[in-house]
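Thanks for coming. I will go through one chain today, mainly its sheet. Please have the sequence and the structure open.

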Amino acid sequence: MGSRNSQRRQAKAIRRKNLLAERRRLGTADSGRTLDENVRRASGAPLHSCLLQNEIFETGVGMVILARKTGARGVALAGFLVDRYCLGVKDAMFREIDEA
């Protein structure tokens, strides 16, 4: 009975290891760099635009989007969900896209 449980645990550990390896591979496949490295590199680029929702001042919660020019046709976007009354930045996202 105990060997059956250990086999299940071992099979589950192997599936988990394979899943994590696949996620790591997909997460860095586009540029060969990690998210941290991409954000640091983009932070030195010139600011292209900053967009702010008016609702931040009315409701206290809204989006702030920063765009930085990262090359001839590239743009790095960072979006922040901001709670101006309490928590500050609640969530953030980062994407690198083509300007078109």
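**The sheet, strand by strand**

A hairpin of 4 residues connects β3 to β4. Strands here, like helices, are DSSP runs numbered from the N terminus (H or I of at least four residues for helices, E of at least two for strands).

This is a predicted model, in which local features need pLDDT of at least 70 and side-chain atom pairs count only at pLDDT 80 or more, while totals for chains, interfaces and linings use all residues. Residues are numbered from 1 along each chain as its sequence is written, and side-chain values use heavy atoms, with hydrogens and water left out.

On confidence: pLDDT is the predictor's confidence in each residue, from 0 to 100. The chain averages 85, and 91% of the residues score at least 70.

Back to β3, residues 74-83. Of its 10 residues, 7 are buried (under 20% relative accessible area, 1.4 Å probe, protein chains only). β3 runs antiparallel to β4, residues 88-98, and 10 bridges join them; pairing requires at least two DSSP bridges. One bridge links aspartate 83 with glycine 88 in β4.

On β2, there are 9 bridges to β3, again antiparallel, and alanine 67 has leucine 77 in β3 as its bridge partner. These two strands also form a hairpin, with 4 residues between them.

β1 and β2 are joined by 5 antiparallel bridges, and cysteine 50 is partnered by leucine 66 in β2.

Which order do the strands take? The open sheet of 4 strands reads β1-β2-β3-β4. β1 (47-52) and β4 are at the edges with a single partner strand each, so one side of each has no neighbour in the sheet.

Key. Buried < 20%, exposed > 50% of the residue type's maximum accessible area, 1.4 Å probe, protein only.
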